[in-house]
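Let's take a walk through a protein chain together. Keep the 3D view open and follow along as we go.

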Amino acid sequence: MRIAIQIFSSFLFSFQELESSGRGRFLLEHAAPFSAFLTDSFGRQHNYLRISLTEKCNLRCQYCMPEEGVQLTPKSELLTAQEIITLARLFVKEGVEKIRLTGGEPLIRPDVVDIVGQLNKLEGLKTIAITTNGINLARLLPRLKEAGVNAVNISLDTLVPAKYEFIVRRKGFHKVMEGIHKATELGYRPVKVNCVVMRGFNEDELLGFVEFTKDLPLDVRFIEYMPFDGNKWNFKKMVSYKEMLDTIKQRWPELEKLPCETSSTAKSYKVPHFQGQISFITSMSEHFCGSCNRLRITADGNLKVCLFGSSEVSLRDHLRSGASQEELVEIIGAAVGRKKKQHAEPALLSFPLRQDALQHPPNSKQWGHTSSHWLTLRASLSKQMGKALMKNKLSGQFILPVSHPEQQCYIRTGILQTQLRGFCVFQEDPSSTFDTKCLEASPVVQVSVDCQLKEASPGSEFCTRDSASCSEVPRASDNLTHTDEEGRATMVDVGGKPDSRRRAVAGAVVRLGEKAFGMVRQNQMKKGDVLAVAQIAGIQGAKLTSQLIPLCHNIPLSHVEVSLSLDEARCAVVIHCSCQTWGKTGVEMEALTAASLAALTVYDMCKAVTHDIVIEEVKLLSKTGGQRGDFSRA
């Protein structure tokens with residue numbers, strides 16, 4: 001009864017709104033009633049169905065699935081073509097107007113063209129769309145268009161061929177580009193290009209993707225990085241819609257916002273005089289649950305009413321057990337009626353994400369989140385772990401065991417600290433407001449070494465915190481800037497230093513042996529182009545240095561260059577990395593990290609041929625800028 005009242009109230013509001021205009025009165029007089037079975041308890045009408053044709057994919061995108069792939073459902077448990085059409089006919093009869101075919105990769109299913117042709121015969125279905133990685137698109141699209149496909153979404157996360165190969169772990173960039181151009185040639189308007197934006201991977205290509213829309217009728221859709229099983233989702237990798245928009249507006253301040261439909265998941269913009277447009281899918285930072293009109297059927301026939309929801313209903317089992325159409329409609333209606341108002345908060349999906357986000361909080365400008373978001377995050381974490389908290393008898397602090405015994409996080413005075421022990425410690429400090437200013441002024445992760453040791457080296461003194469005594473800790477050397485007066489590791493405060501141009505060059509050598517070297521030179525490695533992928537890895541490594549080296553500052557790099565050359569005399573790959581910035585601290589570590597990551601990538605891509613690989617001569621070659629002067633290795 002309560003559900004019926006809610007549905008009626010929502011309908012009444014819509015009725016009054018429509019009745020106020022002449023066009024609205026016309027629509028009300030001629031519109032067919034929408035199915036109650038596809039209307040949830042919040043009045044949302046679901047007229048859009050996504051059907052997965054297969055679990056298989058011919059790529060291994062890093063944000064989507066692990067490199068080894070996923071365990072596949074036996075073919076006998078997947079929906080047949082006839083079962084797909086039967087279910088589609090049922091949904092269309094109840095009011096679904098748009099069906100999107102997805103995967104996996106739908107275009108690797110042999111009968112995909114036949115399925116589209118049968119869907120096209122369903123009376124009342126207005127749109128048949130397909131989402132594809134584009135590898136097979138140029139070959140199949142003419143037939144798909146003839147069969148009835150009238151909307152195409154193509155996944156492409158980079159415009160750099162080598163980076164594409166790195167992200168998807170396969171070759172095929174030029175096939176995707178061929179598919180995009182084939183779609184425009186066949187008259188699709190617009191051709192939607194889906195780009196998942198990931199920090200450290202492709203956020204530096206935002207402007208390039210916008211330029212891509214200048215001469216082509218594309219809608220490049222920037223998608224916030226979302227968590228899925230197996231993609232090792234990390235909160236730090238997500239680039240928010242607001243951050244992306246700010247970056248683009250710096251280049252094109254005249255960017256125009258476009259109107260959109262109520263149920264649209266995209267916020268659309270256009271650079272004046274460009275043929276195409278751009279959009280943002282804000283499923284993480286600004287969810288669109290309130291206007292959701294989508295339902296999903298998985299390849300094995302399960303109905304999902306929410307992408308982030310865990311509940312599923314097997315329509316396949318009911319179909320194969322002989323359920324009538326009326327019974328299936330009742331089952332579907334019950335599932336839709338249970339749909340929640342919104343999906344779970346992205347940042348609160350699991351404890352490891354919360355812990356990681358708390359240990360490395362981005363400032364509000366960088367992430368586009370308000371301070372209240374982080375306060376909520378912190379409060380939720382404390383509430384969830386409240387029952388497990390233990391009290392340290394000596395310090396009075398509350399502690400919680402964590403899964404990694406080498407890590408301990410401190411929340412004190414708004415600063416997140418890490419210590420080498422097995423507890424998370426939450427210490428209240430009346431002076432800490434933990435507001436936006438605090439977050440921006442203290443984006444520091446301080447690491448201190450726990451001096452509880454089983455043995456001390458000769459001549460050293462140490463402190464045992466679990467005992468009543470505490471010996472004196474020797475003072476730090478004047479030459480070590482990353483230790484405090486008590487000898488504990490600490491992050492250098494560079495706030496008072498003047499800005500200057502900084503540059504550093506580092507190098508490394510990877511000795512491969514004759515066989516592996518020959519295969520690299522001929523580009524015959526099964527994993528792909530070793531030098532190209534290692535070059536991308538080096539660039540990514542430079543940008544991620546502060547996340548890998550605990551006491552390094554997060555430096556905005558103005559330029560990173562990684563070059564690899566072949567030394568036939570030594571059967572080696574010689575790596576040369578250069579980093580530049582304008583700031584308060586140097587970029588030696590960024591250059592060294594780039595060289596190291598590039599070298600390790602060469603090793604990884606060649607280890608199937610031989611393990612007799614030696615990485616050597618990882619060293620700083622030169623640096624300029626800074627108070628200590630320039631350096632150049634002879």
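**A walk along the chain**

Let's start with a single residue: R169 has 23% relative accessibility, so it counts as partly exposed, because that label covers everything between buried, under 20%, and exposed, over 50%. Keep in mind that you're looking at a predicted model. To find R169, look in the loop between helix 6 (161-168) and helix 7. Its backbone is a bit of an oddity: R169 isn't a glycine, yet its phi is positive, about 65°. Why does that deserve a second look? Because most residues other than glycine have a negative phi.

There's another residue like this further along. N523 isn't a glycine either, and its phi is positive at about 55°. You'll find N523 in the loop between helix 16 (514-521) and helix 17 (530-543). With a relative accessible area of 37%, N523 is partly exposed.

Now zoom out. The chain has 634 residues, and 46% of them are buried. Its secondary structure adds up to 19 helices and 23 strands. If you take the contacts with a separation of 6 or more, 68% of them are between residues 24 or more positions apart. As for the outside, the chain exposes about 32,400 Å², with carbon and sulfur atoms supplying 53% of that.

Next stop: helix 5, which covers residues 137-147. Which of its residues are buried? They are L137, A138, L140, L141, L144 and A147. These residues sit on the same side of helix 5, because they cover an arc of only 155° around the axis. Turn to the other side of helix 5 and you meet R139 and E146, which are exposed. So what covers the buried residues of helix 5? The cover includes helix 4 (112-119), strand 3 (127-132), strand 4 (151-155) and helix 7 (173-185). Right after helix 5 comes G148, with a positive phi near 140°.

Finally, let's look at some peptide bonds. Most peptide bonds are trans, so a cis one is worth pausing over. The bond from G103 to G104 is cis, with omega near 5°. G104 belongs to the loop between strand 2 (98-102) and helix 4, and helix 4 is part of what covers the buried residues of helix 5. The bond from R189 to P190 is cis too, with omega near -10°. Look for P190 in the loop between helix 7 and strand 5 (191-197).

Note on methods. Residues numbered from 1 in each chain as written. Predicted model: local features only at pLDDT ≥ 70, side-chain atom pairs only at ≥ 80, totals over all residues. Heavy atoms only, no water. Helix = DSSP H or I, 4+ residues; strand = E, 2+ residues; numbered from the N terminus. Buried < 20%, exposed > 50% of the residue type's maximum accessible area, 1.4 Å probe, protein only. Contact = heavy atoms within 4.5 Å. Areas by Shrake-Rupley, 256 points an atom, 1.4 Å probe, with all protein chains shown as cover. Arc of directions from axis to C-beta.
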